[in-house]
Amino acid sequence: MRFLDEKLVELGAVVKTPQEAIRRAGFLLVQEGIIKEEYVLAMVDSYEKQGPYIVLAPGIAMPHARPEMGVNSPGVSLVQLATPVEFGHSSNDPVYLVVALAGSTSEEHVGILQRLSLVLGNQDKVDGLKSAVSYKEIQKIVEGLV
Amino acid sequence: MKILAVCGLGQGTSLILRMSIETVLSEKGVVADVDHMDVSLAAGTDADYIVTSNELAQNLRNHRAKVIVVNNYFDKKEVETALQEVFEKL
């Protein structure tokens, strides 16, 4: 499982649309061989079909698709946006953080979601992710040091 | 009592929501059957309560279950407040 390590985090990304934001987060996973390109298309497609419910919490979008759409191994990437983007959610817009989830059908999937909940369920940590200017700051938050 | 956590795909989002619900229920000592699934499967699944986002709630308005809307899936406080009605009935 790859969870928000340095290669899977991009800070200050400049994007204009939700689709572009999802593709950026997906691209990090593609580069590391975690997913195939089809999975990125599936995440964008899912956002377009199912709507903005992937904005799970204020300011946080979590695009994902079904594991069989092209996940090689489980992983999570993060793109911090330079300027927030409207995804069309009634109460959680605008989005500052895009967390792409490549799940699997295994037990590992639950472990990933639990780790994510620990970080994203804590407002101080979320604020830290939004304002971080270096990977070191992100790493401390992810590893539970702050 | 049966509670469904519902999202668009039934994979990531609803599982996170289910974990938040289960944590809140166990803290309250409430025993319930909690399951997670996608919105189309949920439409045809019997339940007493459905917890989902405002975006998906309108797809489930014909369901027998009472639909409870949660905005922040990670926020246990919000899930707890949203489920308050369930606790009061017990």
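1. In this predicted model, His89(A) is a buried residue, its relative accessible area being 6%. The residue sits in the loop of chain A that runs between strand S5 (75–85) and strand S6 (95–102). Its side chain is joined to that of Glu55(B) by a polar contact of 3.2 Å. Leaving aside residues up to four places away in sequence, His89(A) touches Pro52(A), Tyr53(A) and Val55(A) in chain A, and Glu55(B) and Asn71(B) in chain B.

2. The contact between the two chains draws on 27 residues from chain A and 19 residues from chain B, and the area buried between them is about 2,000 Å², with carbon and sulfur atoms giving 61% of that area. On the side of chain B, the residues that lose the most area to chain A are Leu9(B), Glu55(B) and Phe74(B), which together account for 34% of what that side buries. Glu55(B) is thus a residue to look at twice, since it belongs to this group and is also the polar partner of His89(A).

3. As to polar pairing across the interface, there are 11 residue pairs in polar contact between chain B and chain A, counting pairs in which both residues have pLDDT 80 or more, whereas the rule for salt bridges finds zero between these chains. Helix H1 (13–28) and helix H3 (54–57) of chain B each supply at least two residues of the side that touches chain A, and the largest share of that side, four residues, comes from H1(B). Sorted by class, the side of chain B that touches chain A consists of nine nonpolar, eight polar and two charged residues.

4. Asn72(B) deserves a separate remark. This residue lies in the loop between strand S4 (66–69) and helix H4 (76–82) of chain B, and with a relative accessible area of 8% Asn72(B) is buried. The side chain of Asn72(B) reaches the backbone nitrogen of Phe74(B) at 2.9 Å, and Phe74(B) is itself one of the residues of chain B that lose the most area to chain A. Not counting residues up to four places away in sequence, Asn72(B) touches Leu56(A), Ala57(A) and Pro58(A) from chain A, together with Glu78(B) and Val79(B) from chain B.

5. In soluble globular proteins, nonpolar side chains tend to be buried together. Here the largest nonpolar core holds 46 residues, of which Leu116(A), Leu120(A), Ile21(B) and Leu83(B) touch the most other members; H1(B) gives the most to this core, with seven residues. Leu83(B) touches Ile21(B), Val24(B), Leu25(B), Val51(B) and Ile68(B), when residues up to four places away in sequence are not counted. A second core, separate from this one and made of 43 residues, includes Val44(A), Tyr53(A), Val55(A) and Val6(B); of these, Tyr53(A) and Val55(A) are also touched by His89(A).

6. Gly51(A) is placed in the loop between helix H2 (37–50) and strand S3 (55–57) of chain A, and at 14% relative accessibility this glycine counts as buried. Gly51(A) and Phe3(A) stand 48 residues apart in sequence, and their C-alpha atoms are 26 Å apart in space.

7. Over all chains the count comes to 11 salt bridges. In chain A, the side chains of Glu10(A) and Arg24(A) meet in one of them, at 2.6 Å from N to O; Glu10(A) belongs to strand S2 (residues 9–13) and Arg24(A) to helix H1 (residues 18–31), so that the pair, 14 residues apart, links distant parts of the chain. Arg24(A) counts as partly exposed, at 27% relative accessibility. Elsewhere in chain A, salt bridges that share partners join Arg2(A), Asp5(A) and Glu32(A) into one network.

8. In chain B, Lys2(B) forms a salt bridge with Asp33(B), their closest N and O atoms being 3.4 Å apart, and this pair links strand S1 (residues 2–7) to strand S2 (residues 33–38) across 31 residues of sequence. Asp33(B) is partly exposed, at 41% relative accessibility. Asp46(B) and Arg64(B) form a further salt bridge, with the closest N and O atoms 2.8 Å apart. Because Asp46(B) lies in the loop between helix H2 (39–43) and strand S3 (49–52) while Arg64(B) lies in the loop between H3 and S4, the pair ties together parts of chain B that are 18 residues apart in sequence. Arg64(B) is exposed, with a relative accessible area of 55%.

Methods:
Residues numbered from 1 in each chain as written. Chains lettered and ligands numbered in written order. Predicted model: local features only at pLDDT ≥ 70, side-chain atom pairs only at ≥ 80, totals over all residues. Heavy atoms only, no water. Contact = heavy atoms within 4.5 Å. Buried area = accessible area lost by both parts, 1.4 Å probe. Salt bridge = Lys/Arg side-chain N within 4 Å of Asp/Glu carboxyl O. Polar contact = N/O pair within 3.5 Å; in protein donor to acceptor, adjacent residues only side chain to side chain. Nonpolar A, V, L, I, M, F, W, Y, C, P; charged D, E, K, R; others polar. Core = buried A, V, L, I, M, F, W, Y, C linked by side-chain atoms within 4.5 Å. Buried < 20%, exposed > 50% of the residue type's maximum accessible area, 1.4 Å probe, protein only.
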